[in-house]
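Please look at the structure below with the sequence beside it. The report that follows takes it part by part.

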Amino acid sequence: MTAPLLEARGVWQRFGGLVANSDISISVGRGEIVGLIGPNGAGKSTLFNLIAGVLPPTQGTIWFDGEDVTALPAAERCVRGVARTFQVVKSFETMTVIDNVIVGALVRNTVMRVARRKAHEVLEFCGLAGRANVLASDLVPSEKRRLEVARALATEPKLLLLDECLTGLTPLEAQTGVELVRKVRDTGVTVLMVEHVMEIVMPLVDRAIVLDLGKVLVEGKPKDVVRDPKVITAYLGDRHAVGA
Amino acid sequence: MDTDFAKRRRRDLIVAFCLAAIAAVVPLFVKDVYVQNIMVLTLMYGALSQSWNILSGYCGQISLGHALYFGLGAYTTTILFTKFGVLPWFGMIGGGAISAVIAMALGYPCFRLRGHYFAIATIVIAEIALLLIQNWEWAGAALGITIPMSGDSWLKFQFARSKLPYFYFALGLVCVAWFVTWWLEDSKWGYWWRAVKDNPDAAESLGVVVFNSKMGAAAVSAFLTAIGGAFYAQFVSYIDPESVMGFQFSLLMALPAVLGGIGTLWGPMLGAVILIPVTELTRSFIGGSGRGVDLIVYGGLIIAISLARPQGLVSLFTPKRKEATR
């Protein structure tokens, strides 16, 4: 199949008088790492939530794997193969790390023993194996981020949605995170990531989509996007626009 | 790692079996009827609290209206027996089934509420049900219903003199409630429930259907609670709305679990073993004269335990996991 894995067609989202997303159409191809960037209030998180199924768009459709999933709730989309992490980590705090991941693994495995084994594999993959029996509330922030990814991966997704999972980490932690994302893609999972930190995202992604004021501003190869005067204006204001 | 986990599960099962075996022989040595009575009540509240713990402990939906299901169980068996001659054994199952259905019917609107609002709704609904029964002439209204005694009989599950049959039934009920919890703990439902309790949004994103999880927990919890109610009706052989649906029952189901360790396998039973005898003993020894001294002592004890061990008494027995792995 050559159809894109994920497609948003003419998506609008209004919150009362506020238009958070206006007529956004984007697509993500299989095996890509796509970065969704833009200044604060650009509508990234809204679009992200629409794709994850947290809320239905006011208008427009979301297509996943050749199917219209606009009306499906988040849990159903997870079954279809969409997994996500949260910008503000949402671990199951009273559960151990391994139990957190088992919750995800249960989507595909109904036999507990199999789900448990799968969860251990994912923890190994994410470098958290040593922390399996620790309570999630006892993890340090960077480990919690990693747990979010592990939990999402345990659902065996086709598309992994990462919501600022590299923000707020030390450079070293962020670098480990970048390697993890690459490793995830190498297993055949498509990645769509919302990020703030340009210098981390740009070398990582195959393609960047820049949102501004609820619209797609620019879309293309990272190196072209960062030089685009429109992007520079959006981020830094008119005074810094070069060659415009 | 996996073997550790399996070992712990097996150890729980063995410990439970041993405790049940020990409990089973206790009444052979303790002949005092008063003490036997306390033991029956302790087991009953242990079972009820274990049932409450499924919805409120594991799934995190704090119910303060479980008296409703307790009362439904009591009323269903009693009415079926006194009006239609249905044996209490079938009445129990019927009461359980009705409670489970009603729990889901009530859950349909109520599970859209989160946190405190859900708890408030459960209190209100239980109070409404209490008022309805109090005014329902056919069901005995405020006067209640007496179960006619016709000699000791296992068939009709009534015994005039001996407490032992009730004791063994209550013990069996505790074992069933404990085993159901043990079994659910390592099942898809158990994991879903805990995920829903800790973070419904994250659970939803991992394919957990939050609403259905809550409905499932409510049904299991209400079913077991109603069996307890049916048992209680047989045990006291007289029921009226206040004595089986009063708010105090909702609290007495919640307290052992909360003190023993909410959302844990052993918490409710441990809480019941401490709390129920204390309730009864304070009532017997200092309740009569002092006008509420028993309740002051009782309340003080609860405050002391919850201050000293906010995670519940069961945490005294769990090894310190944190230090061990760090």
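Chain A of this predicted model is divided into domain 1, made of residues 1-81 and 157-244, and domain 2, made of residues 88-156. The C-alpha centres of domain 1 of chain A and domain 2 of chain A lie 25 Å apart, and the contact takes nine residues from domain 1 of chain A and ten residues from domain 2 of chain A. On the side of domain 1 of chain A that touches domain 2 of chain A, the elements giving two or more residues are α2 (74-80) and α6 (171-186) of chain A, and α6(A) gives the most, with three residues. By class, that side of domain 1 of chain A has eight nonpolar, no polar and one charged residues.

The confidence of the prediction can be followed along chain A as well. The mean pLDDT of chain A is 90, and 97% of its residues reach 70 or more. Among the elements of chain A, helix α3 (residues 97-105) has the highest mean pLDDT, 96, whereas helix α9 (residues 229-236) has the lowest, 82. As a general caution, predicted coordinates should not be read in detail where pLDDT is low.

Chain A also holds a hairpin, formed by β9(A) and β10(A) with two residues between them. Strand β9 (residues 207-212) of chain A and strand β10 (residues 215-220) of chain A pair in the antiparallel sense over five bridges, and within this pairing V210(A) stands opposite V218(A) in β10(A). In the turn of the hairpin, L213(A) has a positive phi of about 50°.

Two further residues, one in each chain, have a positive phi although they are not glycine, D65(A) and S237(B). The table sets out their details.

| Residue | Phi | Loop | C-beta neighbours within 10 Å |
|---|---|---|---|
| D65(A) | near 55° | between β4 (59-64) and β5 (67-68) of chain A | 17 other C-beta atoms |
| S237(B) | near 55° | between α9 and β2 (238-239) of chain B | 15 C-beta neighbours |

Is D65(A) buried, exposed or partly exposed? With 17 other C-beta atoms within 10 Å, D65(A) is partly exposed, because a residue counts as buried at 20 or more such atoms and as exposed at 12 or fewer. S237(B), with 15 C-beta neighbours inside 10 Å, likewise counts as partly exposed.

In chain B, helix α4 (residues 88-110) allows a simple check of length. At 1.5 Å a residue, the 23 residues of this helix of chain B should span 33 Å, and its end C-alpha atoms are 31 Å apart, which agrees. Several residues of α4(B) are buried, including P88(B), G91(B), M92(B), G95(B) and G96(B), and the buried residues of α4(B) pack against α3 (67-84), α5 (116-134) and α9 (210-236) of chain B.

Another helix of chain B, α2 (residues 33-58), contains N37(B), which is partly exposed, with 15 other C-beta atoms within 10 Å. N37(B) and L131(B) are 94 residues apart in sequence and 30 Å apart in space, taken from C-alpha to C-alpha.

Finally, the two chains meet in a contact that takes 22 residues from chain B and 29 residues from chain A. On the side of chain B that touches chain A, the elements that give two or more residues are α7 (188-198), α8 (200-205) and α14 (321-325) of chain B. The residues on that side of chain B divide into eight nonpolar, five polar and nine charged.

Notes. Residues numbered from 1 in each chain as written. Chains lettered and ligands numbered in written order. Predicted model: local features only at pLDDT ≥ 70, side-chain atom pairs only at ≥ 80, totals over all residues. Contact = placed C-beta atoms within 7 Å. Helix = DSSP H or I, 4+ residues; strand = E, 2+ residues; numbered from the N terminus. Nonpolar A, V, L, I, M, F, W, Y, C, P; charged D, E, K, R; others polar. Pairing = 2+ DSSP bridges. pLDDT = per-residue confidence, 0-100. Domains from an automatic or database assignment. Expected span 1.5 Å × (residues − 1).
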